[in-house]
Protein chains: 2
Amino acid sequence: MRNLLATVSYDGTAYYGFQTQPGGNTVQDAIEHALLQLTGEAIKIHGSGRTDAGVHARAQVFHFHTNSIIPLERWRLALNGRLPEDIRITEIIEVPLEFHARRSAKRKTYRYSINGNRVPDIFVRRYQLHHPGKLDVEAMRQGLEHLVGTYDFTSFASRHSTKTSHVRTILEARLEVEQSELAAGSHEQGVIHLYVTGNGFLQHMVRIIVGTLLQVGEGKRTPEDMKSILAAKDRGAAGPTAESKGLMLWNVEYDFNSPASEQSEWTDAEDHEDDE
Amino acid sequence: MRNLLATVSYDGTAYYGFQTQPGGNTVQDAIEHALLQLTGEAIKIHGSGRTDAGVHARAQVFHFHTNSIIPLERWRLALNGRLPEDIRITEIIEVPLEFHARRSAKRKTYRYSINGNRVPDIFVRRYQLHHPGKLDVEAMRQGLEHLVGTYDFTSFASRHSTKTSHVRTILEARLEVEQSELAAGSHEQGVIHLYVTGNGFLQHMVRIIVGTLLQVGEGKRTPEDMKSILAAKDRGAAGPTAESKGLMLWNVEYDFNSPASEQSEWTDAEDHEDDE
């Protein structure tokens, strides 16, 4: 028995999210189907967390156990040849049997992209929210800073969240503005990329943060309002949930050098499961 | 009567090329349909040149005549609201009646993108050729340099070309390598972007140049072979036509300050029509 850890990119546009569900057509289903074709084994994969319908991943991570004797260096090409073109394995490594894609994860980063230009960029139209209305980016940046730290994020979680604790830590958050060449000189807002790194996320957390920050950018709320929204611990206090298409799971980080005992700190942290 | 000049981006994946043809489903058809809906006029648009099935445009340009009294600043939004999501007008200006999107064009630039990494980037999979095999980029760069200048490009034109002259001038050509963050450190080749600027192009010219340069990159030809291929004036002397999906009409340049007499230099240059 081996434990393999894979990194995967997917365009979530056509899928009902990452994790298998009754309706079918998920990224997990497609990967498990490819694994079955390749190995003949009915393998269940374990993702670092779920992503919602329409959410993308640049680098989602999952692990799975297999008895296949296929050499490690052959897996990626063999799996990619059996996957649809909107899902691609970018890396596969072997890890100790106790390693768990979700429980062993140390940090996770999401990116949300907002195209603030008057005309959307059609070549990335599936991965950016289009918001041509004027945004105060500096106010959004200030609002975002109020969320860095350890807080109860109930106000920024779906009402359907079933987690026992809504306390999470946002370790880093930044906002970058990318100016396109075509738009330069024509007073365009550019594309706003929001990166949020945390130890775990609640369902819709990044999308509700973005929906609320857009209201800050539009002048409907002040940056300081983020503090009272946190304090309210009430989903109704925050803004709307931003569209899923702008969200991308950017990165999942592991500390491969830490001893197993440290990794096991996460073993029973079931509610750190990411539900974006 | 007004003459309007529009810049348009399109994802060519779903279309049988830019220019109207019997089979329908072209970018021109979609734009003329939107113009009809907006103005009630059966307007014919004139592109700076054709692009083939599956070829994209970052900034194609076309002009059209209209009697509509819609104010200039309203056209873009009104047309985009009537266009499919893979076609977007990025700019519309008013030009003198004698201005012609093709005949008045001074320079045109195409970009061809080759992903040389082991795994394709799924987010731009429709706009990049995937070529994971080892490429000698420096040899490709040298081969490309041999094409800069005024030559008979018969060897690099489709056999179906009906043009009376195959003499064209490549004004500039460059090759840029973009390293992705994910691939860094893992000895990946990166994405090779080839930019070619000319006064006009023959059918499939950039794609045949790319197909031939890929053979140079693979070591099947030397950079100097480009000289004998040009001299042969025979399509059979060059390499294959690279896939259309990697090609994008990048830019069309006009000299708006030159007098009309200079622009009319192009009036009867029918065979400068671009057929990429």
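**Two chains and their salt bridges**

Student: Between chain B and chain A of this predicted model, how many salt bridges are counted?

Tutor: The count between the two chains is four. One of the partners on the chain A side is A:Arg125, bridged to B:Glu85.

Student: What makes A:Arg125 and B:Glu85 a salt bridge?

Tutor: Their closest N and O atoms are 3.2 Å apart. The rule asks for a Lys or Arg side-chain nitrogen within 4 Å of an Asp or Glu carboxyl oxygen, so the pair qualifies. There's also a network of salt bridges linking A:Asp11, A:Glu85 and B:Arg125.

Student: How do you know that the copies are related by a two-fold axis?

Tutor: A turn of 180° with a shift of 0.0 Å along the axis lays chain B on chain A, with an RMSD of 0.0 Å. That's what a two-fold axis does. In chain B, the C-alpha nearest the axis belongs to B:Val124, at 3.9 Å.

Student: Why say that the copies meet through the same surface?

Tutor: Because 100% of the interface residues of chain B are also interface residues in chain A. Each side brings its share to the contact: 26 residues from chain B and 26 residues from chain A. Together the chains bury about 2300 Å², with 61% of that on carbon and sulfur atoms.

Student: Inside chain B, what makes B:Asp52 and B:Arg207 a link between distant parts of the chain?

Tutor: First the bridge itself: the closest N and O atoms of B:Asp52 and B:Arg207 are 3.5 Å apart, which is within the 4 Å limit. The two residues are 155 residues apart, B:Asp52 in the loop between strands S2 and S3 and B:Arg207 in helix H4.

Student: Why is B:Arg207 called buried?

Tutor: Its relative accessible area is 10%, and buried means under 20%, so B:Arg207 counts as buried.

Student: And why is B:Arg107 called partly exposed?

Tutor: B:Arg107 has 23% relative accessibility. The partly exposed class lies between 20% and 50%, so that's where B:Arg107 goes. Its salt-bridge partner is B:Glu253, with closest N and O atoms 3.0 Å apart. B:Glu253 is partly exposed too, at 27%.

Student: Which strands hold B:Arg107 and B:Glu253?

Tutor: B:Arg107 is in strand S5 and B:Glu253 in strand S10, with their positions 146 residues apart.

Student: How do you know that A:Tyr110 is buried?

Tutor: Its relative accessible area is 0%, and the cut-off is under 20%, so A:Tyr110 is buried. A:Tyr110 lies in strand S5 of chain A, and an unreviewed UniProt entry lists A:Tyr110 under "binding site".

Terms used. Residues are numbered from 1 along each chain as its sequence is written. Chains are lettered from A and ligands numbered from 1 in the order in which they are written. This is a predicted model: local features need pLDDT of at least 70, side-chain atom pairs count only at pLDDT 80 or more; totals for chains, interfaces and linings use all residues. Side-chain values use heavy atoms; hydrogens and water are left out. UniProt positions are given in the numbering used here, feature names are shortened, and annotations may be inferred rather than shown by experiment. Helices (H or I, at least four residues) and strands (E, at least two) are DSSP runs, numbered from the N terminus. Buried means under 20% relative accessible area, exposed over 50%, partly exposed in between (1.4 Å probe, protein chains only). Copies are superposed by least squares on the C-alpha atoms of residues with pLDDT of at least 70 in both. Contact means heavy atoms within 4.5 Å. Buried area is the accessible area (1.4 Å probe) that two parts lose on being put together, summed over both.
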